[in-house]
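Welcome! Open your viewer, choose a cartoon view, and keep the selection tool at hand for a short walk.

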Amino acid sequence: MAGVRLRRILAALSAEGNTWSSARLCGVCPGILEVSGAGIMLMSGDIPRGSLGTTDEVSHLIEELQYTLGEGPCVDAYRQDNVVAEPDLTDPLARRWPAFTPPVLEAGVRAVFGFPLRFGTVRLGALDFYRDRPGPLSDDQHADALVIADVTARWVLETQAGAPPGTVAEELEAGADFHFAVHNAAGMISVQLGISITEALIRLRAHAFSHNRLIADVAQDVIARTLRLD
């Protein structure tokens, strides 16, 4: 059964040609899993590094909020190295994500699911799905999602393996948002305040959270020198 499931998913991924992309990996998810959208988040050392791809504006917002707030289904799936499911955000199984939940509810999200991306002992991030209606994944959909997460992790590793040292593979950069502006802003804050890059990122996130803004927008203000953090 596992082999049949894998062949079916690989056939869906290759339906528009043999060239895969993060957009294609996300794009097959709604049809296979009966979800509204999907996103891929890369993480390292418990820190969100950015979005590899999304299917629509809502899934992009989900990734941006997780990057800004450091909480959400991808973050938990990665840190716990396990599947995270919240089938009804209006009546959640667990009271979590206090900052993440209100804005995604406002955007029309009613259920979210996070699946870790891993290959052996290597953890890369997480794949998440959302629905605009409440309800859990069926057993078959859950099993399909595990296969898609495994295929995605393998594709990321194999694609990056062909890139020159110290660079990101072009196939991974296409459609990705690695938040270079945020890292540039963190570097500026680090120099201005004489603190580490990690501390600068923490201050950026804290400012974004306290002012109800996305960290990417705060970073642009720092770069434009219209905002200076103390």
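How many disulfides does the structure hold? Zero. Please keep in mind along the way that this is a predicted model.

**Stop 1: the cysteines**

Select Cys29 and show its side chain. Cys29 takes part in no disulfide, and the nearest cysteine sulfur belongs to Cys26, 6.1 Å away. A disulfide needs two cysteine sulfur atoms within 2.5 Å, so this pair does not qualify. Is Cys29 buried or exposed? Its relative accessibility is 0%, so Cys29 counts as buried.

Now add Cys74 to the selection. Cys74 is in no disulfide either; here too the nearest cysteine sulfur is that of Cys26, at 9.6 Å. Cys74 is buried as well, with a relative accessible area of 0%.

**Stop 2: a strand and its partner**

Next, select residues 37-44, which form strand β1. Seven of these eight residues are buried, so β1 is largely enclosed by the rest of the structure. You may want to hide the surface or fade the other parts to see it.

Which strand pairs with β1 over six bridges? Colour residues 122-131 to find out: this is β5, and the two strands pair in the antiparallel sense. For one bridge in particular, pick Gly39 and look across to β5, where its bridge partner is Asp128. As you follow the strands, remember that in a regular strand the side chains alternate between the two faces of the sheet.

**Stop 3: a pocket**

Rolling a probe the size of a water molecule over the atoms shows where empty space is left. Let us visit the second largest pocket, with a volume of about 210 Å³. To see its lining, select Leu61, Leu65, Thr68, Leu69, Ala99, Pro103, Ala208, Phe209, Asn212, Arg213 and Leu214.

Which helix gives the largest share of this lining? That is α4, with four residues. Colour α4 (57-69) and α10 (197-210), since each of them supplies at least two lining residues. If you colour by class, you will find eight nonpolar, two polar and one charged residues around this pocket.

**Stop 4: far in sequence, together in space**

Finally, select Asp140, which lies in helix α7 (residues 139-161). Asp140 has a relative accessibility of 46%, so it counts as partly exposed. Now add Leu33 and draw a distance between the two C-alpha atoms. Asp140 and Leu33 are 107 residues apart in sequence, while their C-alpha atoms lie 8.6 Å apart in space.

Note on methods
Residues numbered from 1 in each chain as written. Predicted model: local features only at pLDDT ≥ 70, side-chain atom pairs only at ≥ 80, totals over all residues. Heavy atoms only, no water. Buried < 20%, exposed > 50% of the residue type's maximum accessible area, 1.4 Å probe, protein only. 1 Å grid on protein atoms, 1.4 Å probe; cavity = no way out; pocket = protein on both sides within 12 Å on 5 of 7 lines; lining within 4 Å. Points joined across faces, edges and corners; volume = space filled by probe spheres on them. Nonpolar A, V, L, I, M, F, W, Y, C, P; charged D, E, K, R; others polar. Pairing = 2+ DSSP bridges.
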